[in-house]
Amino acid sequence: MDQNNLKFNKKKSENLEAMRKFAESYAKRTNTVFCSDVSITACVINALAENKNNYGSPLCPCRQYDELIAEVDSAYWNCPCVPMRERKECHCTLFLVPEDEFAATSQTQTIELKTILKNL
Ligand code: SF4
């Protein structure tokens, strides 16, 4: 593996870990929980990390964008997006209010890196 690939993979794993930690701390701070389907949590966190790799910002992965750079600059859909910050609305089901029918029954706000990797 060449030097550029090594750097890219290191950056990718650093961003994945950063997004995992962000998701855990943000769920705790907002009193929200992860989804009962752990593969959804894993895929959304991974996709946020991919967007951070590719665009420099954790742009919401559950939307289509016509103007990617403009979206990053506006920050509206940078996670946590404005609907989440204002109304606790996460259409990606990464952050759910505990009463949500899709909320994990264990009401978990934690996810391990190995769980993310196993569920991709
Ligand atoms: S809907 Fe908002 S809070 Fe949920 S993953 Fe997308 S950007 Fe993050």
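Ala, Val, Leu, Ile, Met, Phe, Trp, Tyr, Cys and Pro are counted here as nonpolar, Asp, Glu, Lys and Arg as charged, and the others, Gly among them, as polar. By this scheme, the shell around the ligand holds twelve nonpolar residues, one polar residue and no charged residue. The model is predicted. In it, 13 residues surround the ligand. The closest are C60, C79, C81, M84 and C90.

The unreviewed UniProt entry carries a "binding site" annotation for C60, C79, C81 and C90. These residues are spread over 31 residues of sequence, yet they cluster in space. Their largest C-alpha distance is 9.6 Å.

Two of the annotated cysteines lie in loops. C79 is found between α3 (68–74) and α4 (82–87). C79 counts as buried because it has 25 C-beta neighbours inside 10 Å, and the threshold is 20 or more. Beyond its neighbours within four places in sequence, C79 is in contact with L48, P58 and C60. C90 sits in the loop between α4 and α5 (113–118). C90 has 23 other C-beta atoms within 10 Å and is therefore buried. Residues up to four places away in sequence aside, C90 touches M84, F95 and L96.

The largest nonpolar core comprises 25 residues. Within this core, I45 and L48 touch the most other members. Both α1 (3–30) and α2 (38–55) supply at least two of its residues. The most come from α2, which gives six. L48 also touches C79, one of the annotated residues. The other contacts of L48 are M19, P58 and P61, with residues up to four places away in sequence not counted.

How values were computed
Residues are numbered from 1 along each chain as its sequence is written. This is a predicted model: local features need pLDDT of at least 70, side-chain atom pairs count only at pLDDT 80 or more; totals for chains, interfaces and linings use all residues. A nonpolar core is a set of buried Ala, Val, Leu, Ile, Met, Phe, Trp, Tyr and Cys residues joined through C-beta atoms within 7 Å. A residue is buried if 20 or more other C-beta atoms lie within 10 Å of its own, exposed if 12 or fewer, and partly exposed in between; C-beta atoms are placed from the backbone. Helices (H or I, at least four residues) and strands (E, at least two) are DSSP runs, numbered from the N terminus. Two residues are in contact if their C-beta atoms, placed from the backbone, lie within 7 Å. A residue is near a molecule or strand if its C-beta atom, placed from the backbone, lies within 6 Å of it. UniProt positions are given in the numbering used here, feature names are shortened, and annotations may be inferred rather than shown by experiment.
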